[in-house]
Amino acid sequence: MKRNYPSIIVTPEGEKWLDKGQMWMYKNNLGSLDDSIENGSLVDIMTTKGRYLGTGFLSKESHITVRILTKDQNEVIDREFFKKRIQFAYDFRKTVEKDNLTNCRLVFGEADSLPGLTADRYNEIIVTQITSYGLDLIKDMIYELLLEVLKEDGQNVSAIYERNDVKVRAKEGLELYKGFWKPSTLPTTTVINENGLKLNVDVENGQKTGYFLDQKSNRVLLRNMSAGKTVLDCFSHTGGFALNAAIGGAKHVTAVDVSQTALDQGLANAKMNHLEERMSFVQDDVFDYLDKCHQGQYDIIVLDPPAFTKSRRTVNHAYNGYKNINMKAMKLLRQGGYLITCSCSRFMETALFEQMLRESAKECGVTLKQVSVTQQNADHPILWTMEETSYLKFYIFQII
């Protein structure tokens, strides 16, 4: 099969970005484009001097004009191409997530060289999100390949559930919806096993694709240091961190969240794991709740807030929010207590987050003794050539 993809021209500025390893070509770096090229088509990106830079899906409505699939001019992008990419991504999970294969992210978009595709597995169901116009056009083939690759390895998967209700699809000119790709008798709720914990997952109504898979390994870090401790889990949602503290032998765990629905699910998870006697679920605004606490009440405080910023424009506002919440926690912990704090916003960059922590500690008159610094779970891999794949920052400190 021969390659015969139309070409678009990138500006010299865009050329520099792509040469650094970036896999997105932005609209403001578009030099010229033939109007006859259809939206969602595969296109070759060329410099003004005719040098090839990559091939990917064209998106005429999005700020991301091309999501690059390959930088090999000889590579034909067909069914076999996509099967190899999915197989490569799956083999990676079999290596780094072999104990959690039934509940893990199988495909993490650009980091797996499948830009615009997210695929998470929860037992028999694969939950997908597509945020690329071109990929959406061939989604039937992609879904078939996902099921095929897992079944060839003897994995029990039988359904695809689409969580295509994310707002970013509108920027691609795609409709928002959710539902099974093909009719299925499977329920949209399931019980996963995360490192020995049973957890209810609702793929239809849950956050993201049903659950926060990206903190799996970080939750174990809390589990391993919780024995005999009194723990406060702020922004607890359905109790991921709180439950790990409890199963790790915490004396008592308080889970606080503004959503009563999420807390009810957390309590159900606690009962399913026979941990409810050592846990309390409190519906309150976390900022308000911390104001009611007294110093030394907790040995460990976990701060896992939702993203305070989803754009660069609001980073300063987010900085103040993170500083406020971290200072409250630092003041409450007794000397020798532990603070677990994180940010899931990629726009709150590591250097800025660490600056906020240093300022907070200085103003609180405490010293931060680092226990560990980690990022997202291994099934959410990071490309060092593409900062957009790195978003989660996770810190554990002793407060002295």
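This is a guided tour of the chain, moving from the whole fold to its sheet and then to single residues.

**The whole chain**

Begin with everything selected, and keep in mind that what is on the screen is a predicted model. The chain has eleven helices and 20 strands. Its radius of gyration is 23 Å, close to the 21 Å that the globule rule gives for 400 residues, so the chain is as compact as a globular protein of that length. If you turn the C-alpha trace along its principal axes, it spans about 70 × 50 × 35 Å. Of the 400 residues, 55% count as buried, and the area that the chain exposes comes to about 17,700 Å², of which carbon and sulfur atoms supply 49%. Among contacts between residues at least 6 apart in sequence, 63% join residues at least 24 apart.

**The seven-stranded sheet**

Next, select the strands of the open sheet whose order is S16-S15-S14-S17-S18-S20-S19, and note that the pairing in this sheet is mixed. Strand S16 (279-283) and strand S19 (368-374) stand at the edges, and because each has a single partner strand, one side of each is left without a neighbour in the sheet. Direction ignored, neighbouring strands here are turned by 15° against each other on average.

Stay at the S16 edge and add strand S15, residues 252-257, which runs parallel to S16 and is joined to it by five bridges. Within this pair, Ala-255 stands opposite Phe-281 in S16. Then add helix H10, residues 315-332, which packs on the sheet and touches strand S17 (300-303), strand S18 (338-343), S19 and strand S20 (393-399). The direction of helix H10 makes about 170° with that of S18.

**A buried arginine**

Now select Arg-219, which lies in helix H6, residues 216-223. Is Arg-219 buried or exposed? With a relative accessible area of 3%, Arg-219 is buried. Show what surrounds this side chain: leaving aside neighbours within four places in sequence, Arg-219 is in contact with Glu-194, Tyr-211, Phe-212, Leu-213, Gly-240, Phe-241 and Asn-244.

**The cysteines**

Colour the cysteines next. A disulfide is a covalent bond between the sulfur atoms of two cysteines. With a cut-off of 2.5 Å between the sulfur atoms, the count of disulfides comes to zero. Why is Cys-342 without such a bond? The closest cysteine sulfur, in Cys-344, is 7.2 Å from that of Cys-342, which is too far for a bond. Cys-342 counts as buried, at 1% relative accessibility. Cys-364 is likewise in no disulfide, and the nearest cysteine sulfur, that of Cys-234, is 15 Å away. At 18% relative accessibility, Cys-364 counts as buried, because the limit for that term is under 20%.

**Two loop residues with positive phi**

Finish with two loops. Select Phe-235, found in the loop between strand S14 (230-234) and helix H7 (240-247), where its phi is near 60°, a positive value in a residue other than glycine. Phe-235 is buried, with a relative accessible area of 16%. Then move to His-274, which is found in the loop between helix H8 (260-272) and S16. Phi of His-274 is near 55°, again a positive value in a residue other than glycine, and at 69% relative accessibility His-274 counts as exposed.

Technical notes:
Residues numbered from 1 in each chain as written. Predicted model: local features only at pLDDT ≥ 70, side-chain atom pairs only at ≥ 80, totals over all residues. Heavy atoms only, no water. Helix = DSSP H or I, 4+ residues; strand = E, 2+ residues; numbered from the N terminus. Buried < 20%, exposed > 50% of the residue type's maximum accessible area, 1.4 Å probe, protein only. Contact = heavy atoms within 4.5 Å. Pairing = 2+ DSSP bridges. Axes fitted to C-alpha atoms, helices over the stretch in contact; angles between N-to-C directions. Rg over C-alpha atoms; globule rule 2.2 N^0.38 Å. Areas by Shrake-Rupley, 256 points an atom, 1.4 Å probe, with all protein chains shown as cover.
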